[in-house]
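Here are a few short exercises to work through with the model open beside you. Try each task before reading its solution.

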Amino acid sequence: RDKDPVGKAASEVLERSLSYCVDSYDFDGAIKDTVLDAYLVGRGIARIKYEPKFTQMLDESQALPQQPYDEISDEKATIAYVDYESFRRGPGKRWHQVPWVSFEHRFNYDMLVEKFGKEIADAVPLDDVGTEKVGDKDVREMFKTACVQEIWDKDAKRVLFIAPSY
């Protein structure tokens, strides 16, 4: 009911954006899982994930040899449920006192290659889950994973990925 047309347009854009974001993935499922954990174990954790996609561009306005640069071509922000057993945090009674938080991930080989590259994926040992074979194929190969800790260090303002088995 504000008479400000710019404010009204901005609020409509924000409302439509939020509505689209909530409808484009399983927002309700993530929130329900988080609330259930809060009821059962006293800690419900959800995190916002920002996922940008980049394309390489060339600055054509310069006469000198052009330097490529990355430009955001697409981006999205989603909420993700975090299992309470996969979350750790540093000491502190209040959130602003907590120096770090950690999220545990289970990556298979393909996920390791996508996130860290082939060289690191080949070096990280995967958990052995058995050697059942059918013909020449190892059926259990796709179930092998590596534990990777994602540590957000507030003091150093950096994110570390550590595989304890590496």
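Helices (H or I, at least four residues) and strands (E, at least two) are DSSP runs, numbered from the N terminus. The model is predicted: local features need pLDDT of at least 70, side-chain atom pairs count only at pLDDT 80 or more, and totals for chains, interfaces and linings use all residues. Residues are numbered from 1 along each chain as its sequence is written, and side-chain values use heavy atoms, with hydrogens and water left out.

**Exercise 1. Warm up by listing the helices and strands of the protein in sequence order.**

Step 1: Count the elements; the protein has four helices and eight strands.

Step 2: Read along the sequence to get the pattern α-α-β-β-β-β-α-α-β-β-β-β.

**Exercise 2. Work out the strand order of the open sheet of four strands, and find which strands stand at the edges.**

Step 1: Recall that strands of a sheet pair through backbone hydrogen bonds, either parallel or antiparallel. Here, two strands pair if DSSP finds at least two bridges between them.

Step 2: Follow the pairing, which is antiparallel, to reach the order β3-β4-β7-β8.

Step 3: Look at the ends: β3 (87-89) and β8 (158-162) each have a single partner strand, so one side of each is left without a neighbour in the sheet.

Step 4: Add the twist. Neighbouring strands of this sheet are turned by 20° against each other on average, direction ignored; axes are lines fitted to C-alpha atoms, for helices over the stretch in contact, and angles run from 0 to 180 degrees between N-to-C directions.

Step 5: Zoom in on β3 and β4 (residues 100-107), which are joined by three bridges. In this pair, Arg89 is found opposite Val101 of β4.

**Exercise 3. Describe how helix α3 sits on the sheet, and what is found at its ends.**

Step 1: Helix α3 (residues 109-116) touches β4, β7 (146-153) and β8, where contact means heavy atoms within 4.5 Å. The direction of α3 makes about 130° with that of β4.

Step 2: At the N-terminal end, Asn108 acts as the cap, with a side-chain oxygen 3.2 Å from the backbone nitrogen of Asp110.

Step 3: Just after α3 comes Gly117, with a positive phi of about 100°.

**Exercise 4. Is Gln149 buried or exposed, and which residues does it contact?**

Step 1: Place Gln149 in strand β7.

Step 2: Gln149 has 16% relative accessibility, so it counts as buried (under 20% relative accessible area; exposed is over 50%, partly exposed in between, with a 1.4 Å probe and protein chains only).

Step 3: Beyond its neighbours within four places in sequence, Gln149 contacts Ser102, Phe103, Glu104, Leu160, Phe161 and Ile162.

Conventions. Polar contact = N/O pair within 3.5 Å; in protein donor to acceptor, adjacent residues only side chain to side chain.
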